[in-house]
Amino acid sequence: MRIGILLSGRGSNFKAIKAAIDNGEIKNAEIAAVISNKSDAAGLAYAKECGLKTVYLNHKDFDGREAYDREIVKHLSESGVDLVCLAGFMRIISPYFVEQYRNRIINIHPSLLPAFPGLDAQKQALDYGVKFAGCTVHFVDEKMDSGAIILQKCVPVKDDDTEETLSARILEEEHRAYPEAVRLIAEGRLKTEGRHVKIL
Ligand code: GRF
């Protein structure tokens with residue numbers, strides 16, 4: 001399975017997926033390309049250090065969202081990508097992109113969806129006063145943070161949590177959840193029926 005990673009920043013989830021491939025936890029998979037919309041993304045620099053194929057695409061060079069996404073899809077298909085992993089990619093992707101890779105784009109979000117979609121999910125959870133927070137790996141459809149859920153991991157919220165401490169606790173679980181979801185896909189163990197994803 002050839003994986004395409006899309007990121008905009010730190011890239012810690014990308015690193016977690018790469019580590020799981022390198023240590024044999026995920027078999028029959030390789031990272032075929034890492035694409036960023038930010039030239040200074042730490043994740044892009046790390047991918048270069050690792051000798052992976054990297055692509056930087058500035059959205060300002062394109063006339064609209066779909067034109068930008070067409071270029072991304074072109075790079076993904078040239079690299080023979082089977083699965084697209086959004087890993088902190090801070091752009092909404094177009095219906096065109098979703099259609100080209102239907103059920104083959106996944107994302108990680110730092111909340112227990114459908115609670116707290118969108119930006120600053122950890123702050124939203126804290127402000128709401130929930131007792132448990134977590135992360136969700138899900139398929140990507142046309143709407144934001146709304147596709148079928150592959151897996152979720154839960155963490156407690158402590159009385160003295162700040163956005164930083166809660167985010168750090170959730171991130172540890174993200175680094176378990178994302179590689180696990182990729183492994184299940186690589187092993188062909190997900191069966192999707194509408195919104196329901198069964199692990200075989
Ligand atoms: C993570 O919190 C992820 O859930 C969200 O964006 C952040 C990306 O972090 N979608 P990183 O770049 O993988 O370190």
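Helices (H or I, at least four residues) and strands (E, at least two) are taken as DSSP runs and numbered from the N terminus. With those labels in hand, the loop between β5 and α5 is a good place to start in this predicted model. D120 is found in that loop, and its phi is positive, about 55 degrees, although D120 is not a glycine. P114 has its place in the loop between β5 and α5 (121-128) as well. The peptide bond that joins L113 to P114 is cis, with omega at about 10 degrees. For context, most residues other than glycine have a negative phi, and most peptide bonds are trans.

Attention now turns to the ligand. Its surroundings are made up of R10, G11, S12, N13, G88, I108, H109, P110 and E174. By character, this shell divides into five polar, two charged and two nonpolar residues. Oxygen atoms of the ligand take part in several polar contacts: a polar side-chain atom of R10 lies 2.5 Å from one such oxygen, while polar backbone atoms are found at 2.8 Å for G11 and at 2.9 Å for N13. Taken alone, the ligand exposes 370 Å², and the protein buries 86% of that area.

The space that the ligand takes is the largest pocket. Two elements, α1 (12-22) and β5 (105-109), are those that give two or more residues to the shell around the ligand. On the domain level, the ligand lies between domain 1 (1-101) and domain 2 (107-200), because both give residues to its shell.

Technical notes. Residues numbered from 1 in each chain as written. Predicted model: local features only at pLDDT ≥ 70, side-chain atom pairs only at ≥ 80, totals over all residues. Heavy atoms only, no water. Near = heavy atom within 4 Å. Polar contact = N/O pair within 3.5 Å; in protein donor to acceptor, adjacent residues only side chain to side chain. Areas by Shrake-Rupley, 256 points an atom, 1.4 Å probe, with all protein chains shown as cover. 1 Å grid on protein atoms, 1.4 Å probe; cavity = no way out; pocket = protein on both sides within 12 Å on 5 of 7 lines; lining within 4 Å. Sits in = over half its atoms within 2 Å of the grid points. Nonpolar A, V, L, I, M, F, W, Y, C, P; charged D, E, K, R; others polar. Domains from an automatic or database assignment.
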